[in-house]
Every structure is written in structure tokens, then in C-alpha cells.
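Work through the following exercises with the model at hand, and compare each of your steps with the solution written below it.

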Amino acid sequence: MKEKELINKFFIPFHGLSYPEHVLKGIGDDAAVVSVGGELLAVSVDTMTEGVHFYPGIDPEDLGYRSIATAISDMAAMSATPRYITVSLSIESIEKSWIEKFIKGVKACIVQCDCYLVGGDTVKGALSIGVQVMGVCESQPIYRSGAKENDLVAVTGFLGAAKTALSFLGRRGELSPDIKYVLQKYHRPSPRIDLSRKLNKYMNSAIDISDGLVSDIGHIASQSKKKINLIKESVPIDPKILALVTEKTATENALAGGDDYEIAFTFNKEYLEQVNKIGSALNVPITVIGTVGQGLGVSVLSESGELFNDYASLGFDHFRPRV
Ligand code: ADP
Ligand code: MG
């Protein structure tokens, strides 16, 4: 059984199909949205386990930073402002210098994102980190389900560096600037909080790219009940990875790689100019990569009309048997 099948089969039916009025968005999006005293609160939790989300021997400061940044990214996907964080830490033994470095990384990201660490839990066990994020929706939350026919599909930043970094994780000593760059992108993702808030009134749907561009855009397509067509050549491959891998691998890493924590979103094409202006003002590239149409699913087409079906299935799934 795949990860999404497990969620669909066991967790989504948990409350039947409907939630009370105060649960605006339950299971199925990057975060839940609930109404508390008239305010909308976005809540999400992410777990990082050794060997899956990070590698043994990772610098604890990087681990701390990455755990918080990847969790906060779900708030950018909802166009919410992250505020409060709780951290649950499972660890085999307490080694003072490790903990100090870990906390330093946690703090750096929390301070940078203007959040507060308000609690957590510490237990003895295999190394894993759970991060819960609570954020406020100052404007309407943006859901995966809001894509409209004829919307443009866009993505923030450049893609593929984090997946490219996987081959270099744990390397020490003299590293080339390109390797340093991809490692930095992997260890210290930048959740697109400011950008997503500024884009709020233009976005119809959004998701963060944690499992792979095409497979994550597949969630917008399925929840919006629309067909999304992506143009392969339009996808902004991170130019720096072309020095490290072949063009074919670079394309694969950008379209299916995951871990980039950029935002994919759809918007009415009338707003193209405003959207581009916001990207330029914040110095974040925004690239139109496709369109929303009738039907279901995601197609990746080359400019010459050739169809590529394999990128969606290459996206990350925890329970896919590995060969
Ligand atoms: P993301 O990649 O944005 O963190 P996931 O793919 O992990 O999202 O999860 C998809 C949806 O399923 C989310 O809404 C999440 O809250 C929900 N979900 C995942 N696991 C569970 C679980 N064990 N119990 C309840 N909901 C879950
Ligand atoms: Mg997400």
C-alpha cells in the first residue's frame, strides 16, 4: 500500500466525510485550518527520521534548521503566517554538544521565521524529530482544491538542487562551490512565507514541493478535479546543478526530485504581471510552467508535444517498495 492510499483508506474516513463548521480544512492539505475564537488557525505536523529525512552523522545544527524549515514550509503552502512551534525529540542519549548544536539550528530558523518555540516532548529512542507548526491565516487560506480552469501554474525558485545534494551528503573536506551550494539548499531550505502571503489574493491553489514537483502538482489536480498540463522545458532547473549531473538527471531531479520546498500555485492569468512583480520585489524567481484545463491528472509535455508520464511516479512515497 502506498502512503497516499494509507491516508485515503484509514485517516480521511476518520470523521466520516464531513467536519463541523469550525474545521474549515481537515485531513488532505498541507495544513488543517480551524476557526478558534473567530481567528483562522493553520496547523500541521511533520516527522523527520534518521535514514529517511536525514542521514546518520548530519551536522546537528543543520538537522535542527532543516527540521523546522521543512515543517514551516507547509504554512507557506497555505499562505498562512507561522507563529508557534512545538518540537518532539526522540534521541538515544543526551550528548551536550550535540543538543547545543541542534538547538542552535532550531533557534536560527525559528528566529528567522519570526516564530516562538512554545513546547514539545523529549523521549529516549531512535533519533527522530517531530515539528508541529501553528500559524494564523490573516487572509483567506489557499487550498490544494482551488485550481480553476484556464489558471496558469507557476513555481517559485529553481528546482532540483536538494535531490542533487543526496549524492554528496556527509562529504567533508574541500568541496567545490557547486557542491557546497546544493548541500546548503538541502540543509537549509527557505520556506516561502513572505512571498506566499504577498501572493495571497492572486493564488487559487497552492502546495509545497516536498515530494516532487509533478507528484505534488498531482494533488492540486486531484483535489481541484482538474487536468494540469506542464511544459517540460519551462520547469526552472537550478542552473547550478548542471555542473554536477547530466542534463537528463538534472531534469529528473527538478521534476521529480522533492525536498526543494518551493511553492507550486495556480492563478488567473489576468494577474500575471502582479505575480511577477511580487516575485521580483522579493527577489524570488517565479516561473509559469503550465496551465489548468478540464479533466483529471497531470501531463508533462515537451514543447514539441511529446508526452512524459514517468515523472509523477518518480515522486517520493514512504511505502513504495525500493529495488
Ligand atoms: P505534507 O507532505 O504536506 O506534509 P502529507 O503528504 O504528509 O502532507 O500528508 C497529506 C495529508 O494527510 C495531510 O493533510 C496530513 O495532515 C494527513 N495525514 C498524514 N498522515 C496522517 C495521520 N497519521 N493521521 C491523520 N492525518 C494524516
Ligand atoms: Mg506540504
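**Exercise 1.** Determine how the residues of the lining of the second largest pocket divide into nonpolar, polar and charged.

*Solution.* In this predicted model, local features need pLDDT of at least 70 and side-chain atom pairs count only at pLDDT 80 or more, while totals for chains, interfaces and linings use all residues. Residues are numbered from 1 along each chain as its sequence is written, and side-chain values use heavy atoms, with hydrogens and water left out. Sorting the lining gives 8 nonpolar, 4 polar and 5 charged residues, where Ala, Val, Leu, Ile, Met, Phe, Trp, Tyr, Cys and Pro count as nonpolar, Asp, Glu, Lys and Arg as charged, and the others, Gly among them, as polar.

**Exercise 2.** Identify the element that supplies the largest share of the lining of the second largest pocket.

*Solution.* Helices (DSSP runs of H or I, at least four residues) and strands (E, at least two) are numbered from the N terminus. Helix 6 gives the largest share, 4 residues.

**Exercise 3.** Examine the charge environment of Asp208.

*Solution.* Begin with its position, which is in strand 9 (residues 203-208). Asp208 is buried, that is, under 20% relative accessible area with a 1.4 Å probe and protein chains only. Next, look for a salt bridge (a side-chain nitrogen of Lys or Arg within 4 Å of a carboxyl oxygen of Asp or Glu); Asp208 has none, the nearest side chain of opposite charge being Arg144, 5.3 Å away. Finally, turn to polar contacts (pairs of N or O atoms within 3.5 Å; within protein, one must be able to donate a hydrogen and the other to accept it, and residues adjacent in sequence count only if both atoms are side-chain atoms): the side chains of Asp208 and Ser73 are joined by one of 2.7 Å.

Conventions: Chains lettered and ligands numbered in written order. Buried < 20%, exposed > 50% of the residue type's maximum accessible area, 1.4 Å probe, protein only. Lys, Arg positive; Asp, Glu negative; His and termini not counted.
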